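This report covers enclosed space and charged side-chain pairs. The structure comes first.

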Amino acid sequence: MKPSAVHCSPVTNTKQNFSPTSWFTGKMLIDPTKKIRIPLIPSPRSPLPPPQLPEAEVKLLAKPPPVLIPRQPNYPVHLSPVQKLVVSALDKIEAGVLIPLEKNQPLPKTVDPTVQISGNFAPVQECPVQHGLEVSGSIPECLRGVYVRNGGNPLFAPSGGHHLFDGDGMIHAVTLGSENKASYSCRYTRTSRLMQEAKLGRSVFVKPIGELHGHLGLARLALFMARAGVGLLDQSLGTGLANAGLVYFNGRLLAMSEEDLPYHVKINGDGDLETIGRFNFENQVDFPLIAHPKVDPITGELHTLSYNVLKKPYLRYLRFDTSGAKLRNLHISLQQPTMIHDFAITENFVVIPDHQMVFKLSEMVRDGSPVIYDQNKMSRFGILRRNDFDESGMQWIDVPDCFCFHLWNAWEEVAENGDETVVVIGSCMNPPYSVFNETGSPILTELSEMRLNLRTGESTRRVIVSGMNLEMGQVNRLMLGQKTQFVYLAIAEPWPKCSGIAKVDLETEEVTKFMYGAGRFGGEPCFVPEKREFYDKESEGEGYVMGFVRDEEREESELVIIKASNMEQVGSVKLPSRVPYGFHGTFVSEQELSTQLP
């Protein structure tokens, strides 16, 4: 049955009771001083009503816009007359002074909204579950479950700078069932930030990258702190976007961005998504976690990191057992706060990059960016034994001229002379700061191998696939931390769009491509193994690769399914609404869905 046209609508207001506190996040992190009770954030089960627009605007619009134009201030009823007066004065300062100054300052492409959220990078509205989608080919038996993918989807139109990473988190979900049945839905993750802004009818939280730059960034920060101080905003429930990573662990789907705790999102029986709330691992964690945790396929344990840009310890390593109990919370000494977006695990070690992208807030006083490339710093990797209780045995190995935004896998090898080596596979980006600052040079992100000799403390780095932008990808996750032969990566050309998928044989360096075709682009490929038990070397490549694809000429979106062994398409699901380009995803099997916790 072909799906009919769908009216998908923006998020509604939901009344919450907030209490003020004094900590601030937004890629700028301070640990809260005490644990908090995290309330549940309801998620509507039916289509959400369109935004309330002036009558003149309603006549001009055939359907509600994907981003909302901020309406007149809607002050919370709990504010006193004096508080409302102060908030009104702050609004006038923003409208009369700050916004005109921002509009007079040219924006680089990296934070220009006309670039960052244009075309298929533009946001969409929520879509309730649509069943009976058109399927071409066949859906393999091993794909019974739900494919979910995260991304930034701003609810309100930005008034100033906006980076792709600044959008509110939205998850797109395709449920695949028996007899070629498929359904689709997409929902905002109802973060505290989103719900407060929806209630106020406008964007009031600082955009972590797009607005925190130079003197105007300091002014934005001061305005945000003033609004929080007067009681308009509540920071105690987090300021995160939950727009980057997704992981299924211990019966919960967790949506993550590295400036906050993760959010627990439930996949309901009909395929809809429901935000349960901000998740602090049963009161065991009260600080943000990065968006790329690792689940060990052998032990079932979850490994993750937390970084702080304002005070020491600048980095922590955490480990949780299969029931979610915290086993480790190690402080790791760094000389300066560093952006650590990803890391890797092996059978016995945790591999932590300490690269040259650092946080230096004083640069804002000099009218610069707080995220800088420190040319005087040596890139290095830290090797920590997983069972260590402190960092005293950690070994740091220099790897010059290396910046990997993402690491795909790592494993241990022993040479003929007995030397133990940690092998790291990642995509090295050059220039390193290209994602955040306009450089004038084309981005090159090449699949590379770093070999770290634990006896000599020396390293080597070599490019596996040269001259091709390979980013956003996965290995067979059942072999994470073990030696793998294959990695599946998006061909990020023309940057930042992705024109196909590359299957790279790490042993032969052979590249097998699946190209989407003219005017068609996708994102991160998701590999799903054909069998669920732990894999051996022979069966590593048995499975399927899937991901969202947008045909920009025909204005159609679909989920494509590719057989990994020959990289040929076996099926596709036509989607009822546009799916923007996004970030990271995962697959949750039927068996895992049956173990979901409330």
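Eight cavities of 30 Å³ or more sit in this structure, which is a predicted model. The largest cavity holds about 100 Å³ of space. Its lining counts 15 residues. Nearest the centre of the largest cavity are Arg 149, Gly 522, Gly 523, Phe 548 and Pro 580. Two elements give two or more residues to this lining: strand 3 (145-152) and strand 30 (543-551). Strand 30 supplies the largest share, four residues. By residue class, the lining of the largest cavity has seven nonpolar, five polar and three charged members.

The second largest cavity has a volume of about 80 Å³. It is lined by 13 residues. Asp 166, Asp 168, Glu 197, Ser 203 and Lys 207 are the closest to its centre. Here the lining of the second largest cavity splits into five nonpolar, three polar and five charged residues.

Now the charged pairs. Side chains of opposite charge can pair when their charged atoms come close. The whole structure contains 29 salt bridges. Three of them are set out below.

| Pair | Closest N to O distance |
|---|---|
| Asp 91 and Arg 227 | 2.9 Å |
| Arg 190 and Glu 126 | 2.8 Å |
| Arg 462 and Glu 449 | 3.1 Å |

Asp 91 forms a salt bridge with Arg 227. What does this pair tie together? Asp 91 belongs to helix 2 (residues 81-104) and Arg 227 to helix 5 (residues 214-230), so the bridge connects parts 136 residues apart in sequence. Both Asp 91 and Arg 227 are buried.

Arg 190 and Glu 126 also meet in a salt bridge. This pair links distant parts of the chain, 64 residues apart. Arg 190 is in the loop between strand 5 (182-188) and helix 4 (192-200). Glu 126 is in the loop between helix 3 (113-116) and strand 1 (127-130). Arg 190 counts as buried because its relative accessibility is 1%, under the 20% cut-off. Glu 126 is buried too, with a relative accessible area of 1%.

The third pair is Arg 462 with Glu 449. Arg 462 lies in strand 23 (residues 459-465) and Glu 449 in strand 22 (residues 444-453), so this bridge ties parts 13 residues apart in sequence. Is Arg 462 buried or partly exposed? At 33% relative accessibility, Arg 462 is partly exposed. Glu 449, at 10% relative accessible area, is buried.

Shared partners also build a network of salt bridges. Asp 91, Glu 94, Glu 102, Arg 202, Glu 211, Arg 220 and Arg 227 are joined in it.

How values were computed
Residues are numbered from 1 along each chain as its sequence is written. This is a predicted model: local features need pLDDT of at least 70, side-chain atom pairs count only at pLDDT 80 or more; totals for chains, interfaces and linings use all residues. Side-chain values use heavy atoms; hydrogens and water are left out. A salt bridge is a side-chain nitrogen of Lys or Arg within 4 Å of a carboxyl oxygen of Asp or Glu. Buried means under 20% relative accessible area, exposed over 50%, partly exposed in between (1.4 Å probe, protein chains only). On a 1 Å grid over the protein atoms alone, a cavity is a set of points where a 1.4 Å probe fits but cannot get out, and a pocket is an open set with protein on both sides within 12 Å along at least five of seven lines; lining residues have an atom within 4 Å of a point. Grid points are joined across faces, edges and corners, and a volume is the space filled by probe spheres set on the points. Ala, Val, Leu, Ile, Met, Phe, Trp, Tyr, Cys and Pro count as nonpolar, Asp, Glu, Lys and Arg as charged, and the others, Gly among them, as polar.
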